Amino acid sequence: MASKEKEGLKINGGYPLHTFEDVEDVYFEYISSQADREKIKSSYEFAKSRHEGQFRNSGEPYYHHLIEVAYIIASLHCGPDTICAGFLHDVVEDTNTSIEEIEKRFGSEVAKLVDSVTKIQRLKLSHMDAEEFEAEDHRKIFIGMARDIRVIIIKLADRLHNLRTLDSLPYERQIALANETMDVYVPIAHRLGLDVIKSEMQDLCLKYLHPDIYDEITKLLTKKTRTMTKSLDGVKKRIADILFANNIPFEISSRVKSIYSIYHKMYILGTPFDEIYDIMALRIITDTEIRCYEILGLIHQTYVPIPGRFKDYIAMPKPNMYQSLHTSILGGDGNRYEVQIRTKEMDEVAEVGVAAHWAYKEGNGYNSKEEQEEIENQLHWFRDFVSISSDSESEDAKEYVDSLTKDIFEANIYVFTPKGKVIQLPMGSTPVDFAYKIHTRVGDTTIGALVNGVMVPLNTVLQTGDMVEIKTNKNSTPSEGWLNFVKTGLARSSIRKYISRKNAELEKDDKIAKGKTSLVDAFRDRGISEEEMEKMLSDKKVLDKYECDTLDDLYIKVCGRKPTPTAIIDFLNIKKDVELNTIGAKVKNSGVCPVYARGADNIAITLASCCTPIPGDDIVGFISHGKGIVAHRRNCHNVVGSEDRLIDVYWRDDIEYATYPVDIAINAINRPRLLHDISGVFATHKIPVNSISGKVVDSDGNVVFHATILVSDAKRLQDIFNILLNINGVYDIKRVTH
């Protein structure tokens, strides 16, 4: 962070101790409105007066912390409201000032920012173990920051200055703050492209978490740079001469790799210090993108480029919008140097990321809501961050933090949409993860995927550089089986939400169906058709009697036996005077397979004999070698665990279905004439039976009858089950899968 040192300025822990005048010098460069300047000064004076008599652990008056936070915020060219909130961010938490007073004095925008920061800091957690506390703590911070990009800036500035003064805190607190910074604040700073803040935070955390390693790397770095500086100056001069000779405008400077970056390579990646080749690097800044490539060509003509070290982040920017050309070259003395080439605008983004794009500009009709929307559109990960955070209140804190870490902070593969848009995903992601990353609606309606132009199973693991195209159908829905292979928390959460909604709907539909079936059977037993029954039950006096608004409400109540079908029949004074009607109607056998798969018109499709699916069953297609596609019931044990060979298939609705064989098991307590009664039901209701056999299964007299019957669809089968369950002694009926 750039700082302006003055004569006689106090130094605290190696950092300049700024004054309010220093903050003024920074924001005066881009804020000219006198009203805004006075508002900022007023916020400083108000905060200073309210914190009067308060001191930090380091000994200086508390308001010095507020000055440093505001200085960092102003250095990022944030707006006047954000700077004001920087001065005021602790005033509600640490003094008797209310949010209402802040709003009255400084406006609703400042009050909103201060309130958000305050809520993050007020973590009232109890009855949790250490791990749960940490996860909930982190979640509250993330959720608070997701509300407004400016809240993130304020919290980052606040934490950065706290790290600079960690020496004054007890050892345990130093470790806790350093760990929290690495878990929460560093990933956010990185994703926002605030490299200048991220790098300093990482170095400071390393200093407290691993002081011995920090000192070791510092000594190695000092020795290495001392020996390389002269050589690097020679390379710098030669490149400058070449660019000058070619009339290319440029600025050239050198940088030393951060201590934490070296630590990561040495201790995380296992690279020896002597094999880290980008410890010192040259940065070349020019005026246009084309010049960047021209400079690259001239450098490669002059120096030998190291294979595999060239990266074009201009053509393919990082998710935090970072752009630059990177190449590594071999100097004349055998040393290796990294060279970064970029425009001035790219350099600003590289240093302060999002702040370079949304720096405050006067007279542009600033609107915080529009700014937030624009950031979400440009930074796609931030849109996911906001989405995950806004939906997380009811989720487990550990699961939320894990989703955020995997989906956003550890995302490290890059794939493309057909239009060339880059989508970043965590390692191991699949086309389903990709689909949900595009939009929840795309994920929910996914039916297939093309990767690099080839149709692949939905559980295919994607690789960097893949071009992915998702096939959707508005009538398609998520499969519960996707949960077995999706990687991102976003996809997992969306699928679970759909399943939860579906189960709730199915539960309601199931109750309606069961209640209606009970009534239909009872009314048919008295010679009344389903159509006639519905007319009778739709009468207002019936619905009012049972406090129902619709027929479905009545069916649900009947399912719960309140009222029973008999009670309703008694209420309507209906007498039993007609023989039982048969269930259903005969249908024509069209000879056409009743199942189809989209896009597979020329592939043979058959029904599985193991689970005997019938129209109305939830089915899935199994890609069988030599047999085309075989349709199974989705819960068939023969397809469980074969998700990579499954595709969606559907029942046709444009043909009249034939009858299909279904194997059933009727469990009952044995008694005389039981088989006679079961056979009588089949005959009375005109249910075709291919075979039936029975056997006693235990000494308690339990018996099971196995039968193969012919039915037209799942509803007809359920009707038959309901009738069989009315037979004395029958207590359970199941379909059989071989």
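Which residues does Ser-43 touch, not counting residues up to four places away in sequence? Select Ser-43 together with Cys-84, Phe-87, Leu-88 and Phe-106, since these four names are the answer, contact meaning heavy atoms within 4.5 Å.

The model is predicted, so local features need pLDDT of at least 70 and side-chain atom pairs count only at pLDDT 80 or more, whereas totals for chains, interfaces and linings use all residues. Residues are numbered from 1 along each chain as its sequence is written, and side-chain values use heavy atoms, with hydrogens and water left out.

Staying with Ser-43, display helix α2 (residues 34–50), in which this serine lies; helices are DSSP runs of H or I with at least four residues, strands are runs of E with at least two, and both are numbered from the N terminus. Ser-43 has a relative accessible area of 0% and is therefore buried (under 20%, against over 50% for exposed and partly exposed in between, with a 1.4 Å probe and protein chains only). Add Ile-40, whose backbone oxygen lies 2.6 Å from a polar atom of the Ser-43 side chain.

Next, select helix α23 (residues 530–537) and helix α25 (residues 551–559), which pack at an angle of about 100° with their axes 10 Å apart. The two helices are therefore roughly perpendicular, a term covering angles of 65 to 115 degrees. Show Met-533, Glu-534 and Leu-537 of α23, which meet Leu-551, Leu-554 and Tyr-555 of α25; the residues of this contact comprise five nonpolar, no polar and one charged.

Finally, zoom out to the protein chain, which contains 28 helices and 23 strands, and in which 49% of the 738 residues count as buried.

Definitions and conventions. Polar contact = N/O pair within 3.5 Å; in protein donor to acceptor, adjacent residues only side chain to side chain. Axes fitted to C-alpha atoms, helices over the stretch in contact; angles between N-to-C directions. Parallel < 35°, antiparallel > 145°, perpendicular 65-115°, else oblique. Nonpolar A, V, L, I, M, F, W, Y, C, P; charged D, E, K, R; others polar.
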